[in-house]
Amino acid sequence: MIKVKNVTKYFNDFKVLDNLNMNVKKGSIYGLIGPNGAGKTTIINHIVGVLKQNSGEILINDKKIFDNANAKYKVINISDEWFYFGTYRIKDMAKFYSQIYPDFSYERYNTISEVFKIDEKTQIKNLSKGMKKQVAFWLSLSAMPDVLILDEPLDGLDPVMRKQTLNLVIQDVSERELTVLVSSHNLRELEDICDHVGIIHKGQMIVEKPLDDIKGSIRKYQLVFRDDKAEELKNNQNVMNISNIGSVYTVIIKGEEEETDKFMNSLSPVLCEKISLTLEEVFIYELGGLGYDFKNIII
């Protein structure tokens, strides 16, 4: 559905995207994560056709997106600062969307109105930030896109409305095979909705896998030893992090489960327990392995 092939982008002499590759499958919810300045918003602006890369290729449904109006009709981006005309009411923006997007559905528009319950005659400028964000989802989903791009999309929504909004998106993924690309700093939220994840750093894709696989490639163990095992743990090149309080060690290690289990058992622990990692922890330890400074973070 979305294919980013060897994309490089410079702003003057600064390389923002560095031979970036990315694949988002049809009907998936793909979480794009990375530290500030990694290039997330820049690649999103390429995918929606706002920016043109210096080299490489971006395809949506096997069609180039830049300068391709027909392809752009099927792609909608909801950014943190959603655009609307200053004097428009919600119904005016709905009319505008219906004129821009050929597949705009008033049936879907009326259905979603029952979820958000905002008077369509209200001027958008008079709404709170959270209600403006609801209107953005209301109109965008009514346009029946093939691809929905969400850049920090839920900021300003209360927890109940976040859940209802995400349910609407998930419904379209299930029923219409809507493809969703989400960039957010809220990794716990992404973990709840995404099936694939890409981690970018300094304009490069460092990990791109199904969520279950990316969480399964790194494991956390808590172990109790009779003797000091710090040196033996450090000598294993797959060990990413070690901390201990007395004889209780917490170890983060990469590798296949069978191999990591075998290594831990070879150290003859008195107690050995595996603990599931969160997406947030995976993100921290993947970037920590690339020299990103997490020295003040304790997990």
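At 42% relative accessibility, Glu-177 counts as partly exposed. This residue sits in the loop between H6 and E8, and its phi is positive, about 55°, even though it is not a glycine. That goes against the usual pattern, as most residues other than glycine have a negative phi. Keep in mind that this is a predicted model. Below is a quick tour of the backbone, helix H6, the empty spaces and a few single residues.

**Positive phi values**

- Glu-177 has a companion in Met-144, which isn't a glycine either and also has a positive phi of about 55°.
- Met-144 belongs to the loop between H5 and E7.
- Gly-49, just after H1, takes a positive phi of about 85°.

**Helix H6, one side in and one side out**

- H6 runs over residues 159–176, so to speak 18 residues in a row, and spans 26 Å from first C-alpha to last, close to the 26 Å expected at 1.5 Å a residue.
- Its buried residues are Met-161, Arg-162, Thr-165, Leu-166, Leu-168, Val-169, Asp-172 and Val-173.
- These buried residues are on the same side of H6, because they cover an arc of only 145° around the axis.
- The spacing fits the general rule: an α-helix has 3.6 residues a turn, so residues three or four places apart point the same way.
- Turn to the other side of H6 and you find Pro-159, Val-160, Lys-163, Ser-174 and Glu-175 exposed.
- What do the buried residues of H6 pack against? Their partners are the strands E3 (29–33), E7 (147–151) and E8 (179–183), plus the helices H4 (106–116), H5 (129–142) and H7 (187–193).

**Asp-172, a buried residue in H6**

- Asp-172 is found in helix H6 and is buried, with a relative accessible area of 2%.
- Leaving aside residues up to four places away in sequence, Asp-172 touches Arg-108, Leu-141, Glu-177 and Leu-178.
- Glu-177 on that contact list is the residue with the positive phi of about 55°.

**The largest pocket**

- If you're after open space, the largest pocket has a volume of about 420 Å³.
- Its lining takes in 16 residues, and Ile-76, Asn-77, Phe-83, Tyr-97 and Tyr-101 lie nearest the centre.
- Strand E6 (75–78) and helix H3 (90–100) each put at least two residues into that lining.
- By class, the lining of the largest pocket breaks down into twelve nonpolar, two polar and two charged residues.

**Closed cavities**

- How many cavities of 30 Å³ or more are there? The count comes to two.
- The largest cavity has a volume of about 50 Å³, and its lining consists of Leu-150, Pro-153, Leu-154, Leu-166, Val-182, Ser-184, Glu-189, Leu-190 and Ile-193.
- H7 gives the most to that lining, with three residues.
- Seven nonpolar residues, one polar and one charged make up the lining of the largest cavity.
- The second largest cavity holds about 30 Å³ of space, with Ile-29, Leu-150, Leu-166, Val-169, Ile-170, Val-180, Val-182 and Ile-193 around it.
- Which helix supplies the largest share of the lining of the second largest cavity? That's H6, with three residues.
- H6 and E8 each supply at least two residues here.
- The lining of the second largest cavity has eight nonpolar residues, with no polar and no charged ones.

**Helix H1 and Thr-42**

- H1 is mostly covered, with six of its eight residues buried: Lys-40, Thr-42, Ile-43, Ile-44, His-46 and Ile-47.
- Thr-42 lies in this helix, which covers residues 40–47.
- Is Thr-42 buried or exposed? Thr-42 is buried because its relative accessible area is 12%, below the 20% cut-off.
- Not counting residues up to four places away in sequence, Thr-42 touches Lys-9, Phe-11, Val-16, Leu-17 and Leu-51.

**Asp-227, out in a loop**

- Asp-227 has its place in the loop between strand E11 (218–224) and helix H9 (230–234).
- With 54% relative accessibility, Asp-227 counts as exposed, the cut-off being over 50%.
- Between Asp-227 and Leu-20 there are 46 Å in space, C-alpha to C-alpha, and the two are 207 residues apart in sequence.

Definitions and conventions: Residues numbered from 1 in each chain as written. Predicted model: local features only at pLDDT ≥ 70, side-chain atom pairs only at ≥ 80, totals over all residues. Heavy atoms only, no water. 1 Å grid on protein atoms, 1.4 Å probe; cavity = no way out; pocket = protein on both sides within 12 Å on 5 of 7 lines; lining within 4 Å. Points joined across faces, edges and corners; volume = space filled by probe spheres on them. Helix = DSSP H or I, 4+ residues; strand = E, 2+ residues; numbered from the N terminus. Nonpolar A, V, L, I, M, F, W, Y, C, P; charged D, E, K, R; others polar. Expected span 1.5 Å × (residues − 1). Buried < 20%, exposed > 50% of the residue type's maximum accessible area, 1.4 Å probe, protein only. Arc of directions from axis to C-beta. Contact = heavy atoms within 4.5 Å.
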